Amino acid sequence: MGQAMMETLYIIGTIIVGFGVVFKLLIDLGHKIEDGLIELDEKLAIAIRSVVEKIPGLGDHEPINPIQMAIGQLIANMNQQKQQPQMKIIERDEKGLFTSQDS
């Protein structure tokens, strides 16, 4: 019974050490993948930036046209006036009824 128990402990120990090694390898692989993705992201950013700078008109920003700015302000003012309607006071007579504007 003692010999079988020792063999079982050796097998269990070997399995535990094997799981530990596999776990360590998976952690190292995860770190390498993460580092590779960061490096890939940096290279893609540089490539995209260089392509955008080479396209005419896409990398350059022209100033806003003054007429377009005036039209934008006009639209904004019109929108603001719609949000703040003017109040109209309706008069009442001595009985508390509303009076018409004709009288």
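**Notebook: one chain, its helix H1 and its surface**

I began with Leu29, which is partly exposed at a relative accessible area of 47%. Leu29 sits in helix H1, residues 2-54. I note here that the model is predicted.

**Entry: the patch around Leu29**

I looked up which residues join Leu29 in a nonpolar surface patch. The list reads Val22, Leu26, Leu29, Ile33, Leu37, Leu40, Leu44, Ile48 and Val52. I put the patch at about 830 Å². Leu29 can belong to it because patch residues need over 30% relative accessible area, and Leu29 has 47%.

**Entry: the chain as a whole**

I checked the secondary structure next. I found two helices and zero strands. Then I asked how much of the chain is buried. The answer is 0% of the 103 residues. I wrote down the exposed area too: about 10,400 Å². Carbon and sulfur atoms supply 65% of that area.

**Entry: salt bridges**

How many salt bridges does the structure hold? I recorded two.

I took Lys24 and Asp28 as one pair. Their side chains meet in a salt bridge at 3.3 Å, N to O. Why can these side chains pair up along helix H1? Lys24 and Asp28 are four residues apart in H1, so about one helical turn separates them. I looked at exposure for both partners. Lys24 is partly exposed, with a relative accessible area of 48%. Asp28 is also partly exposed, at 31%.

I then turned to Glu39 and Lys43. Their side chains form a salt bridge at 3.2 Å, N to O. This pair, too, lies in helix H1 with a spacing of four residues, about one helical turn. Is Lys43 buried or exposed? I have Lys43 down as exposed, because its relative accessibility is 52% and the cut-off for exposed is over 50%. Glu39 is partly exposed, with a relative accessible area of 42%.

**Entry: recap**

I close with helix H1. It carries Leu29 of the nonpolar patch. It also holds the pair Lys24 and Asp28 and the pair Glu39 and Lys43.

Notes: Residues numbered from 1 in each chain as written. Predicted model: local features only at pLDDT ≥ 70, side-chain atom pairs only at ≥ 80, totals over all residues. Heavy atoms only, no water. Buried < 20%, exposed > 50% of the residue type's maximum accessible area, 1.4 Å probe, protein only. Areas by Shrake-Rupley, 256 points an atom, 1.4 Å probe, with all protein chains shown as cover. Patch = residues over 30% accessible without salt bridge, like charges linked within 9 Å, V, L, I, M, F, W, Y side chains within 5 Å. Salt bridge = Lys/Arg side-chain N within 4 Å of Asp/Glu carboxyl O.
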